[in-house]
Amino acid sequence: LWKLMDTYEPNDPESIQKSFARHLEYSLACTRFNFTMEDAYRAAGLVLRDRLLESLNDTNDYYRKMDVKRGYYLSAEYLIGRHMQNAIANLDLEQPFKEAFIGLGMELEELFHEEADPALGNGGLGRLAACFLDSMATLSLPCWGYGIRYSYGMFKQEIQNGRQVECPDFWIGDGCPFEIPRPDITYPVRLYGEVTHGEDEKGNWCVNWVGGEIVQAMAYDNPIPGFDTYNTNNLRLWRACPSKEFDLDMFSAAAYADSVESRRKAEDLSAVLYPNDATYEGKELRLRQQYFFVSASLQDLLRDFIKRPNYKWSELPEKVAVQMNDTHPTIAVAEMMRLLVDVMHVHWEEAWDLTTKCLNYTNHTVMPEALEKWPVEMIERMLPRHLQIIGELNLRWIKDLQKKYGDHSPVISALSIFEEGDIKKIRMGNLAIMGANKVNGVAAIHTEIIKKETFPEFYKYCCDIGKPDKIVNMTNGVTPRRWVHCANPALSAIFTKYLGSHEWLTDMTKLKGMLKFKEDSKLHSEWMEMKRECKAKLAAFVKEKCDLDIDQDALIDIQIKRIHEYKRQLMNILYVIHRYQELKKKSPGEREKTQKRVVLIGGKAASAYVNAKIIIKLISNVGKVINKDPDTSKYLKVAFVPNYCVSAAQVMIPASDISEHISTAGTEASGTSNMKFVMNGGLIVGTMDGANIEIREECGEDTMFIFGCLEHQVADIAAKAKSGHYPIDSRLQAVFQAIRNGDFSHGEPEAQAEFCSLVDRLCNIQAAGTWDGDKYLVISDFPSFIDAQARVDATYADKAKWCKLSIQAASSMAKFSTDRTIKEYAEVIWGVKPAVRPLED
Ligand code: 26Q
């Protein structure tokens with residue numbers, strides 16, 4: 001068969017052209033003379049897919065042959081973004097592809113724009129998973145991702161009359177050329193039904209979970225090529241399909257229709273991503289999704305394990321490491337036990353030992369409202385066997401704790417997997433920690449908060465049993481391939497030119513070599529030219545999306561992230577109003593001397609998050625007033641950029657001078673866009689929160705405009721506020737006054753009422769008693785926020801100084817490459833080693 005295959009030169013422009021023509025004609029049924037840009041994109045995608053498939057298969061064969069330990073990343077979300085540009089870069093096909101398509105009269109960039117942006121994630125957590133996949137492949141680690149192939153990803157955000165409108169994102173459209181459907185790889189997943197007892201073939205007593213419904217999980221493989229390696233890993237996403245058996249007794253027309261309907265329902269499971277990124281909603285479908293993908297993934301990885309000749313269960317932890325991305329896949333703890341005990345007939349004690357050696361858990365949030373808790377009643381109906389297993393695990397766990405702390409210690413109720421109350425619940429966080437070998441936070445400050453505030457009793461328990469390092473820190477990162485090389489080719493070219501090679505793309509410590517040029521005037525002019533180029537692209541983008549002309553000489557100030565009160569987009573827009581008021585007070589001559597600024601804010605709000613949606617409306621309305629004010633519009637513009645997504649980030653981030661990472665101290669676990677901005681030569685206005693703290697440590701204090709209270713001061717400020725001592729700065733009073741006057745309400749009574757409700761809430765004008773006002777300390781941090789912005793303007797006035805700081809910061813970001821992060825996971829948590837595939841095997 002091998003000999004029959006067309007052999008082609010993967011790197012030769014002519015063979016790329018031939019393959020392109022073949023796909024146009026035979027895969028897409030176009031003619032070579034009559035095709036659209038979309039057809040061309042699709043055909044180019046298939047050209048790449050051929051190469052990816054080959055590498056994926058060979059890499060797998062190699063891992064199998066070497067019998068290596070494997071890592072499996074379980075995540076309900078992957079915010080992968082567009083494939084094409086990234087795949088071309090990682091396969092080292094940039095030159096030949098460019099040549100091939102120039103030869104055909106096409107610009108590659110134009111093809112890239114044809115691709116839908118797969119948004120199978122909400123925000124940070126999903127994008128982190130995608131960056132991890134890139135680094136795992138680049139480091140030649142035998143690691144796969146598992147997740148859900150949602151038919152509808154994160155909604156598309158339209159802005160109508162300043163308000164968010166959610167539109168469905170049917171990203172699959174006419175099919176994604178980069179994915180490989182695997183109808184041969186399916187697993188049954190049971191839901192509901194009941195548990196009975198019986199005897200197995202050998203006459204042994206056993207547990208049977210029967211009845212209910214069965215859906216089939218079908219695999220869709222997404223090849224993930226590494227950069228500068230021949231390894232290609234896999235992201236395997238599961239799609240829910242009706243089970244194959246069809247009830248033939250259904251001969252009446254009504255029953256037949258019902259039966260078709262119930263089969264169609266199976267597909268609902270993987271239909272849509274929940275667009276919630278911080279507050280958990282106890283929706284039954286969400287739990288079904290979680291179990292569905294966890295069960296299929298564990299069945300798949302265990303099947304791979306037992307394919308090995310003479311496997312022994314005791315070797316499982318030497319061959320398998322699983323990472324649970326937040327609590328979303330935490331039902332894995334019970335499912336692993338079920339598969340081992342009920343299906344594989346491993347003894348309970350050994351099964352538990354294996355489970356707790358293989359599984360690990362990453363926590364991504366300190367917000368208590370984000371910790372998942374599922375009603376016991378729901379689990380009992382949907383996963384009756386799992387409830388039994390969790391009950392048994394908890395019983396043994398409590399006994400152990402009672403021995404240690406006495407029968408009635410308060411520690412016991414805190415550590416129990418079950419939460420008592422009117423509605424009994426299962427705490428997925430506790431289940432995750434109990435079932436995990438290692439638990440990690442995502443930035444230094446966050447890991448400390450986990451120990452002290454989120455799970456203090458667990459941490460104490462770990463210390464008591466002599467295992468304080470069960471909880472470890474793994475500071476997040478981002479991949480420099482997508483976020484520097486693809487997003488900012490001009491900057492990538494500068495680095496490669498000054499450093500003499502592109503080695504920095506796989507070893508970011510090499511960027512330190514740029515530091516000796518940080519005051520070099522030639523580099524300065526190239527650096528500033530790079531920023532100009534990025535700003536020109538941004539200007540075109542903003543013109544298209546917001547119909548706004550922006551001055552490319554202005555300081556570009558960006559805040560892009562999910563809209564959330566703790567992220568304080570509200571504080572940002574209040575500051576913009578303050579800046580506007582200051583400008584209005586000035587004479588035309590004085591205005592001439594002020595720094596021009598363009599403020600861009602973008603992000604999606606969860607569809608039921610009322611306050612977040614009002615904040616979007618406020619930003620839009622403030623933009624409408626400021627942008628058309630002839631006194632000031634030359635000096636200050638503000639826009640809400642609709643539909644923030646990965647591809648928008650790739651245009652916006654490289655163009656920024658400063659970006660806002662201004663969460664209340666102690667609320668943002670890490671943040672990852674902060675890293676992307678700095679890698680692109682942007683500076684940060686930020687609080688001492690999440691990874692900002694570590695970025696500042698690496699880049700130097702002078703590169704960051706820090707403000708606001710520290711994490712340890714928050715409780716004290718809140719306590720004082722509750723007792724009535726919470727002064728409001730006069731400048732902020734003036735801003736509140738303008739909002740209350742209706743200056744930004746456009747005569748819309750509804751908006752006026754909403755804006756006032758935001759301000760009133762901050763000022764705590766509501767029913768006396770509980771203080772639930774300015775929870776995120778906008779008022780308290782506002783004066784120092786103004787100061788930080790003034791420092792930005794003053795520093796920016798000195799172009800050479802700014803440029804030096806920008807170079808210094810961008811060149812000091814090695815720590816925030818996911819290559820470093822993933823190396824730490826591989827060494828400290830997974831015990832997985834690189835397995836570099838040689839080219840000719
Ligand atoms: C849970 C249950 C039901 C429905 C939705 C959810 C859900 C979905 C997504 C809960 C949370 C998320 C996402 C959380 C998230 O993105 N957290 C961010 O993770 C980043 C990567 O570690 C950090 O940088 C951010 O600080 C953190 O906010």
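Which domains does the shell around the ligand draw at least three residues from? In this predicted model, that shell takes at least three residues from each of domain 1 (67-81 + 117-166 + 178-475 + 825-830) and domain 2 (533-816). There are 24 residues around the ligand, and Gly-124, Leu-125, Tyr-280, Ala-669 and Ser-670 are the closest. Helix H6 (residues 124-138) gives the largest share of the shell, with three residues. Sorted by class, the shell holds 11 polar residues, eight nonpolar ones and five charged ones.

Now to the two domains themselves. The chain splits into domain 1, made up of 67-81 + 117-166 + 178-475 + 825-830, and domain 2, covering 533-816. Taken over C-alpha atoms, their centres sit 37 Å apart. Domain 1 puts 33 residues into the contact, and domain 2 puts in 29 residues. On the domain 1 side, at least two residues each come from H6, strand E3 (156-160), strand E4 (163-167) and helix H16 (444-454). H6 thus turns up in both settings, in the ligand shell and on the side of domain 1 that touches domain 2. The residues on that side of domain 1 break down into 13 nonpolar, 13 polar and seven charged.

The packing inside comes next. The largest nonpolar core counts 228 residues, and Phe-292, Ala-332 and Val-678 have the most contacts inside it. Both domain 1 and domain 2 give residues to this core, so it lies between them. As for Phe-292, leaving aside residues up to four places away in sequence, its contacts are Val-189, Val-215, Ala-217, Trp-238, Ala-240 and Leu-269.

Two helices deserve a closer look. Helix H23 (residues 610-627) has 18 residues, which at 1.5 Å a residue should span 26 Å; its end C-alpha atoms are indeed 26 Å apart, so the two values agree. Buried residues of H23 include the run Ile-614, Ile-615, Ile-616, Lys-617, Leu-618, Ile-619, Ser-620, Asn-621, Val-622 and Gly-623, along with Ala-612 and Ile-626. The cover over the buried part of H23 includes E3, E4, helix H21 (569-585), strand E18 (597-602), strand E19 (636-641) and helix H29 (749-762). E3 and E4 also supply residues to the side of domain 1 that touches domain 2. H21, one of the elements covering H23, is mostly covered too, with 13 of its 17 residues buried. From first C-alpha to last, H21 reaches 25 Å, close to the 24 Å expected at 1.5 Å a residue.

A few single residues round things off. Glu-261 belongs to helix H7 (residues 253-266). Glu-261 counts as exposed because it has 9 C-beta neighbours inside 10 Å. Measuring C-alpha to C-alpha, Glu-261 and Ser-295 are 24 Å apart in space and 34 residues apart in sequence.

Most residues other than glycine have a negative phi. Asp-92 goes the other way, with a positive phi of about 60°. Asp-92 sits in the loop between helix H3 (84-90) and helix H4 (94-103), and it is partly exposed, with 15 other C-beta atoms within 10 Å. Asp-547, not a glycine either, has a positive phi of about 50°. Asp-547 lies in the loop between helix H20 (521-546) and strand E17 (555-560). With 8 other C-beta atoms within 10 Å, Asp-547 is exposed.

Conventions: Residues are numbered from 1 along each chain as its sequence is written. This is a predicted model: local features need pLDDT of at least 70, side-chain atom pairs count only at pLDDT 80 or more; totals for chains, interfaces and linings use all residues. A residue is near a molecule or strand if its C-beta atom, placed from the backbone, lies within 6 Å of it. Helices (H or I, at least four residues) and strands (E, at least two) are DSSP runs, numbered from the N terminus. Ala, Val, Leu, Ile, Met, Phe, Trp, Tyr, Cys and Pro count as nonpolar, Asp, Glu, Lys and Arg as charged, and the others, Gly among them, as polar. Domain bounds come from an automatic or database domain assignment. Two residues are in contact if their C-beta atoms, placed from the backbone, lie within 7 Å. A nonpolar core is a set of buried Ala, Val, Leu, Ile, Met, Phe, Trp, Tyr and Cys residues joined through C-beta atoms within 7 Å. A residue is buried if 20 or more other C-beta atoms lie within 10 Å of its own, exposed if 12 or fewer, and partly exposed in between; C-beta atoms are placed from the backbone. The expected span of a helix is 1.5 Å times one less than its number of residues.
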